[in-house]
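Colleague: Please take a close look at the empty space inside this model. I would like one connected account, and then a few words on the surroundings.

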Amino acid sequence: MNNTITMALQRLPLTLLIFSSLCCSSFSSSHENPPYDNNLLEMPSHDSQAYPSYFNIIKDDFHLESKISSLKRLDGRGNPATSAETVNVSYLGAKGDGTDDTEAFKKAWERACSSSKGGVLVVPKSSNYHLKPIRFSGPCKSSITVQIYGTLQASSDRSNYDQDRKHWLVFDSVENLSVQGGGTIDGNGNIWWQNSCKINKALPCKDAPTALTFYKCNNLILKNLKVQKAQQMHVIFDTCTNVQASSLTVTAPAKSPNTDGIHVTNTQNIQITNSVIGTGDDCISIVSGSQKVQIKDITCGPGHGISIGSLGSENSEAYVSNVVVNGAKFSGTANGVRIKTWQGGSGTASNIKFQNLEMYDVTNPIIIDQNYCDQEKPCKEQSSAVQVKNVVYQNIKGTSASDVAIKFDCSKSFPCQGIVLQGISIARGAGKVAKAVCSNVKLTDDGAVSPLCP
């Protein structure tokens, strides 16, 4: 028995050594190669706090680029990843010779949208593809890119729009979408303008199509395209989130009716940058339900300027907040930066900043109009109004085409509140002195401001 105990004790150090080695190896392995991905534990950054002042809440950078790019299937240059399935509209019957190519585009979209690897729909250059109204519907199985190198031209036959007179090209409920390529989207709007009640007063007022509509699209990139001669509005972002629109050229004649360049409605987290817009209506318009809108490096003219509104029509409730316009040049426009609301509405337009703007021969460089009325009959006076508050105008210079460079026409019942002017210098032109007309406004002047409210 003593021999047995002695042998067991002799083996004990070896047993302990093996056990210790296994435990340490297991412990080390569990730390060096964890069975989870650390990246999965990182939550996406977002602003969830209520900032103490509106100077902070209207930050210039909403960090949209990193949010969207991380969700896109792109290579290092921002182009579609090579693993995605490429679908060329020409291979599916599109001729680009002036005949109707609508069916070929529908087939190409269905194939690209159904690809689990990601789809790339290609529109070749040097061709002009005629299209009837068409809806590119999601959801798609993966990310999708539309590369437009050629020209898409709208059908000039107005009977083609009998089922839907408000839309020509629509992207509906598509996530992780990029539309780009350097090509042209041509609304072929002349026939619609000629039949507009704003051109021919004898005609009844009817709807006309928007050239390009994005509806319920999330994580969207629109860049490097020319959109021209829209039937009515050129580009609409409706009920979208996380949008980048950049390097766009949007054009229509100065007298083309209701041809807004870019219209933003009920959309959150959107950047519109580095674009040239000249149309017959607002270069950019922002209406109810829109939040965190960043506009930067815009050339505007001809047109009606950059507008928030109109808001509150037909006694409706409207909300717009957290808008920054930073860096824009206005030439010969009817307005520079404008906020317009109807009497009788409710809600708020708040936390807005206009900064680093240049005005050249602009009729109304800075204007808040809470008595807006775009109808033949005079609007009746009403006590309720959309509240306009916390608006900063900073570093705005140039010339006014009218005697009134600054006009604040605010509601008697709901005066404009928290309006701040900083570093404003707008002359009448030819070195003349312009004036400011201000009513029902709670205003602060900070630094050199000309003209001053009396």
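**Cavities, a pocket and a buried glutamine**

Modeller: The model is predicted. Searching the whole structure turns up 2 cavities of 30 Å³ or more. The largest cavity holds about 80 Å³. Its lining is made up of Phe105, Leu121, Val123, Phe136, Val146, Ile148, Leu152, Leu169, Phe171, Val179, Ile185 and Leu212. Three elements each give two or more residues to this lining: strand E3 (119-123), strand E6 (144-148) and E8. By class, the lining of the largest cavity counts 12 nonpolar residues, with no polar and no charged ones.

Now the second largest pocket. It encloses about 250 Å³ of space. Its lining comprises 15 residues, and Pro133, Ile134, Asn160, Gln163 and Asp164 are the closest to the pocket centre. At least two lining residues come from each of helix H4 (102-113), strand E5 (134-137) and strand E8 (167-172). Strand E8 thus has a part in the lining of this pocket and in that of the largest cavity. The class make-up of the pocket lining is 4 nonpolar, 5 polar and 6 charged residues. The lining of the largest cavity, again, has no polar and no charged residues.

Next, the strands. Strand E14 (residues 241-251) pairs with strand E16 (residues 268-278) in the parallel sense, over 8 bridges. Here threonine 241 sits opposite glutamine 268 of E16. E16 also pairs with strand E18 (residues 290-300), in the parallel sense and over 8 bridges. Glutamine 271 has glutamine 294 in E18 as its bridge partner.

Last, one loop residue. Glutamine 343 lies in the loop between strand E21 (335-342) and strand E22 (346-362). Is glutamine 343 buried or exposed? Its relative accessibility is 17%, so glutamine 343 counts as buried; the cut-off for buried is under 20%. The side chain of glutamine 343 has polar partners. One is the side chain of asparagine 371, in a polar contact at 3.4 Å. Another is the backbone nitrogen of glutamine 382, which lies 2.9 Å from a polar atom of the glutamine 343 side chain. Both partner residues also appear among the residues that glutamine 343 touches, leaving aside those up to four places away in sequence: Gly312, Asn315, Gln370, Asn371, Lys380, Glu381, Gln382 and Ser384.

Technical notes
Residues numbered from 1 in each chain as written. Predicted model: local features only at pLDDT ≥ 70, side-chain atom pairs only at ≥ 80, totals over all residues. Heavy atoms only, no water. Helix = DSSP H or I, 4+ residues; strand = E, 2+ residues; numbered from the N terminus. Buried < 20%, exposed > 50% of the residue type's maximum accessible area, 1.4 Å probe, protein only. Polar contact = N/O pair within 3.5 Å; in protein donor to acceptor, adjacent residues only side chain to side chain. Contact = heavy atoms within 4.5 Å. Pairing = 2+ DSSP bridges. 1 Å grid on protein atoms, 1.4 Å probe; cavity = no way out; pocket = protein on both sides within 12 Å on 5 of 7 lines; lining within 4 Å. Points joined across faces, edges and corners; volume = space filled by probe spheres on them. Nonpolar A, V, L, I, M, F, W, Y, C, P; charged D, E, K, R; others polar.
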